[in-house]
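These are my notebook entries from a session with one chain, written down in the order in which I looked things up.

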Amino acid sequence: MSAAHLLLVDDEAQLVRALTPALAAAGYEVATAGTGAEALTQLAREPSDIVLLDLGLPDMDGKAVIARIREWSETPIVVLSARDLEEEKIAALDLGADDFVNKPFSVGELLARIRAALRGRERRLVGSASFKAGDLEVNFASRRAYIQGEEVRLTPREYDLVRTLARNPGRVITHKQIIASVWGSTATVDAQFVRVLVAQVRQKLEEEPSAPRIILTEPGVGYRLATDDD
């Protein structure tokens, strides 16, 4: 099996020098780009399996790069960001990024997020009829969810939330994206409705709802479904 091709887009030379050999040692074929324009040119010439993208590029905002990539590609995008503003993270995710990792980060955390993004892409490509990670199993055809093999009774809206997260394992799903998927794109629903719905589902899925291990919170941004790497 050939190594996954990874494109690292960052103009911070010290980070690129440190990260490239670590990613190569983990089995990835690494290409680099220092600007948004260079990244788009490389992707058009040779598609990558995953993109690691800094938002603060010298020639264009990283969010514009995400928007351009999403015009023609579903390649997973993991944002590497030194920007702490929740609005920046939410905007990047709403534009189509799969996940974000705050700088500074550990290589171990980054590798786990990369694996999760790649697995999520594989599941979306094959259109799997079910999802399984840890104690949770979701059967999309029958609209049923199970914990340790025991069916969990979910309302239609609760199931829609679980399905949305399970179709994107490891990927951060924003409040806006959840609202569109569960209530509809024209619904006038705010984030508090999402929080209440998530709390209801956690009561049914989690062993300890106050310390969730299945539906994980990205504070102020949204939620993601835990994978076996978490």
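My opening question was whether R143 is buried, partly exposed or exposed. I noted that R143 counts as partly exposed, because its relative accessibility is 40% (buried means under 20% relative accessible area, exposed over 50% and partly exposed in between, with a 1.4 Å probe and protein chains only).

Before going further I wrote down that this is a predicted model, in which local features need pLDDT of at least 70 and side-chain atom pairs count only at pLDDT 80 or more, while totals for chains, interfaces and linings use all residues. I also noted that residues are numbered from 1 along each chain as its sequence is written, and that side-chain values use heavy atoms, with hydrogens and water left out.

Entry on the loops. I found R143 in the loop between β7 and β8, where it has a positive phi of about 55 degrees although it is not a glycine; strands (E, at least two residues) and helices (H or I, at least four) are DSSP runs, numbered from the N terminus. S142 is in the loop between β7 (136-139) and β8 (144-147), and I recorded it as partly exposed because its relative accessibility is 34%. I then looked up Q148, in the loop between β8 and β9 (150-152), which has a positive phi of about 50 degrees without being a glycine and counts as exposed at 61% relative accessibility.

Entry on P104. I located P104 in the loop between β5 (99-102) and α5 (107-126), and the peptide bond that leads from K103 to P104 is cis, with omega near -5 degrees.

Entry on α1. I checked the length of helix α1 (residues 13-25): at 1.5 Å a residue its 13 residues should span 18 Å, and its end C-alpha atoms are 19 Å apart, which agrees (the expected span is 1.5 Å times one less than the number of residues). In α1 I listed L15, V16, L19 and L23 as buried, and just after the helix G27 takes a positive phi of about 105 degrees.

Entry on the sheet. I traced three strands that form an open sheet in the order β10-β12-β11, with antiparallel pairing (two strands pair if DSSP finds at least two bridges between them). The edge strands, each pairing on one side only, are β10 (173-174) and β11 (215-218). Between β10 and β12 (residues 222-225) I noted two bridges, and I173 stands opposite Y223 in β12.
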